[in-house]
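Thank you for asking me to look through this structure with you. Below are some points that a newcomer may wish to follow with the coordinates open.

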Amino acid sequence: MYNDGANTTYDAATAKSNDNAFSTFTPFDFGTNFSKKADNTVAGEMRDCAECHVGGGFMQYFTSSADASKKYQYNPANRTDYRDASFTTTNSFNTFIDIFGLDGLGFEPHGRDGVARDLTLGSPTYAGPSYAPTTNDYAQTGVLEMDCLTCHYDGYSWAARRDEVRKGNFDASRAVGAGFATSVNGRQVNYNLTSGDVATVTFANTTSVYALTLQAGLKIAGTPKSKNCASCHQEEHQVDWKKRGEIWMADRDAHYGIGCMACHERKPGSAVGTDGLATTVALGQCDPAKGGDSPFDAMWNGLDRTGFKSCADCHTPAPTTALNLNNWNTYGAPSAVSAHKAAGLSAILLQAPGEKGGVATKSHIDIIDCTACHTKNKAGITGGAFVDGTGADLEGRVAAHDTVAVSKDMSNGMALYWAGGKLFSANLLTSFFWRDMNDYGYDANQDGRAGGMDALLQTHVAKINKDNNVKALTEDGAITSEEIAARQTMLINGLGALNGVTTDATVFTPRISMLTVPFKATHNVSPAADAWGKPTRAGDGSISAYGCSQCHTANGGFYNGAYPTAGQHLTWTFKTGQLATFTKVNGKSDPSEGHPNIVDKHGRRTVAFTLFNATPGATENSGSLRNIDRSEVIYEPTFKTPGPIFTTYTSGSIVAAAAPGGATNSNATTGVSTKGHILKIDTQKIADGTTASRTWSIGAEYTAIADLITGMGAFATDVNDFGFTITNDGTGKLKITPSAGYRVKLNQAATDIFPFGFSNAYVASPQKGVLNADDKAGASAWVSYLDGITANQSGIGVAPVASITTAFTDFDIAAPGIQILTAVAQPLAAADGQAGNVGFTRYAWTSSDGTAIAAGQTSSVTFTTAGLKTITLTVTDEEGNVASTTKQVNAVVAPAQVIAWTDAATTLGGSVDLTGLPVPNDKVKIMYGDGVTGTYTTKTTIPAVPNGVASLSKTHLYTTAGSKLVQVYVYKDGIQKGFYKTYITVNGAN
């Protein structure tokens, strides 16, 4: 758009691309090259996009001077109204391509008066689009100031305003849309004085003006009405309709009665910006609160969620601290918390993003967005068209979307996709268009960058179609290889004539390319009774069956089952050389017709899928466009994850698994180009951990690895101290070797791993199901596993039970209770927390004295102090239900080990060995536990033992084997000096 700062430049000395800031903001002069390079411009957007966008901003002003403090953003202080601009060149602000025709009707067969329009090519009265450059004179058309009435005026006509902006009657469009006037030209209108909305007011000085009446004033609503919103966001020909279908109808959306602004009016307390800067902390003054971010929304910014009421704001609101109330209207929405819990949706049954080991840590509510279950489609839903970008619709845009051939069966037509580790509901909008598959030395879209499969400018395609009197390929409901071949020849010849650059099949190979994009479905919300996974209830309201089987069943339609990708009335056949996969994702290793931002649950890989069910052949192929399974958008055929090459810095060499593919087999005829492939290497200094990234992009055609490495120049040689060298490993593969003091890894986000041979960058990463320990290698096994899940397996509805099964060893069976020793680990065990060992039960142990005990079905406890202790087992099931039980034990300090028993072989006898007896003593009494007591004098004169003995050993013969309680008493002068007891085991088998 501007002469300077528009491009990045590559700095070979640092191996980085640098942005160039704007300085003068001088409009770029296309000169005679406008139609070769331009497609949609600001003037074109005013006639096209502005049929919904309400004006202001860049539709009224352009940046006209530099601001050093705000190099890359709009600054209201440095802007010029288009009316005041003195454009002297052909630029993006004052020139547009005529796609609607001067009457704004495109290819509509009849005018607004019902009279047939002449759409015959070559006719002097031809009324259709010319697709030729046209200058927009803002002095005649006016500009698109913010039209507040578009949203706030009851009865505003979107269609009337659209008709005016398409003709360039910008100033007039506001009064015409409101019904106040009819247009004379862009800046003049005739006011309608009979409507009752406009009247002539004459002042005392006889000056007369037109003014709105009280009747008109009463039609101005502070909060826009839903029908005003629907004009742009629902009607059949609008962008949202194409993406999402009929999303806001009385019999389709549970929230229809409260209207759009019930959610989209900013919540109280959220700031409102007025300066138009992206740095403002909230949305602009007149923007409604938006529904959230999406990785596929080019207009997304960090302010989109400001003030918006999400499902949770009304159904699970967080009360304010001060009032314990919400400060916004929840419209009496029922709380979803109890309903979710009753249905088992709050149960901890699932694995979090990044977890693949089979451990449940999340619930359905944690990783499934509300929309995924509550936008279950109903019969009769239409929209979400299959868009044909090979020809124009009735309005003149190259996006045929509203014919029978591209219509789709949208019954139950919602798919799922991962965003931020949660599943969202979406319509998959699929479109196809022409691309230059070859791009070998030819810049098909004249953007100055050959290489990368250029998409043809839509207006170029439309102009060539018009000149050859053809329409979209889908026009007759059948696409054949003969039709495609004829169009390819037509494009090769026509584009060369348009661009003034000779083309042929060796430099320009137009092929059909497809792209599928998920557009979030946040409307068409079903009531709870119709949602996915709803339980079945008995007459008394109790749950008689959980709703697991609605989703977890083969072809259930939630995460599996056919999704209507293609037009239901379209057939398609093809040959080799007629189709081009939209993109190769995951470092250009996987072909896909899905958007690169369709990622897996863990956000580490793009989920790739293709839409044609057969590989093109040399002859007419019977394969065609297919409907996909819903699971294909959320699960890869083989689960993979970034390997060490991507994730771990290494001081060793990184060696490619194969020879460079896209860098050594260039072929202009088959359309393989080496240009544009990117190699990005991250480096780390071992000494201080500082990191840097170095990037190289192939800028030429190479047919041998030696030439490829030579072409890298300084990038491969480390002459600039990048921290690595790149060589041939001796077998024709690339080898990246870190320099001394460095570690290296490949940059996952930028590196085209496949063309450079690094097919080993992603490694297999099986996932375990939480119900078993089996590894699932990919989508087939994983979906089969999901299909078999039942409520009984999950434990939902099964009450938890707490039972301590530990059999404590009683140190003293004669004493009341259970005696256990301090300082000795005591094992703990619990019975299964749910009958049948189902579900996902958590076991927690606590002690009355605060001793820490590890969680788990088995554990142990070691008490350090003596006394009565209460051990509590708390069992919590996956639904949060709790059961508990206790066990009391008496912790005692272990007495000194005085008594020992030595079994005698072959008898029931042995010896009681006493050590550590208190001295002095004169008598020891041993009670052997079988009714026999032995009393022994320890003070003797011959031999002289005046103070008794510290050790004593006595043999004893038992009559039976088993456990015996041996008790020992020690005396001195008739006074007991010590008492000891222990259990011994008489073997009896020896």
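The numbered points below deal with a predicted model, and they take up a sheet, some backbone details and a surface patch.

1. A good place to begin is an open sheet of 4 strands, which are arranged in the order β43-β42-β45-β46 with antiparallel pairing. The edges of this sheet are formed by β43 and β46, each of which pairs on one side only. From one strand to the next, the twist averages 15°.

2. Within that sheet, the antiparallel strands β42 and β43 can be followed in detail, since 5 bridges join them. To trace the pairing by eye, one may start from V924, whose bridge partner in β43 is Y936.

3. Two cis peptide bonds deserve a look, and the loops that hold their prolines can be located from the strands on either side. The bond from V919 to P920 is cis, with omega near 5°, and P920 belongs to the loop that runs between β41 (909–914) and β42 (923–927). The bond joining I942 and P943 is likewise cis, here with omega of about -15°, while P943 sits in the loop between β43 (933–937) and β44 (952–957).

4. Positive phi values outside glycine are also worth checking, beginning with Y131, where phi is near 55°. This residue lies in the loop that connects β5 (95–97) and β6 (133–135). Is Y131 buried or exposed? Y131 has a relative accessible area of 5%, and because the cut-off for buried is under 20%, Y131 counts as buried.

5. D973 is not a glycine either, yet its phi is positive, at about 55°. D973 is placed in the loop between β45 (962–972) and β46 (975–986), and those two strands both appear in the sheet order given in the opening point. The relative accessibility of D973 is 57%, and because exposed means over 50%, this residue counts as exposed.

6. Finally, the surface carries a nonpolar patch made up of Y191, L193 and Y210, which together have about 310 Å² of accessible area. One of these residues, Y191, belongs to strand β8, which covers residues 189–191. With a relative accessible area of 35%, Y191 is partly exposed, so it passes the requirement of over 30% that applies to residues in a patch.

Methods:
Residues numbered from 1 in each chain as written. Predicted model: local features only at pLDDT ≥ 70, side-chain atom pairs only at ≥ 80, totals over all residues. Heavy atoms only, no water. Buried < 20%, exposed > 50% of the residue type's maximum accessible area, 1.4 Å probe, protein only. Patch = residues over 30% accessible without salt bridge, like charges linked within 9 Å, V, L, I, M, F, W, Y side chains within 5 Å. Areas by Shrake-Rupley, 256 points an atom, 1.4 Å probe, with all protein chains shown as cover. Salt bridge = Lys/Arg side-chain N within 4 Å of Asp/Glu carboxyl O. Pairing = 2+ DSSP bridges. Axes fitted to C-alpha atoms, helices over the stretch in contact; angles between N-to-C directions.
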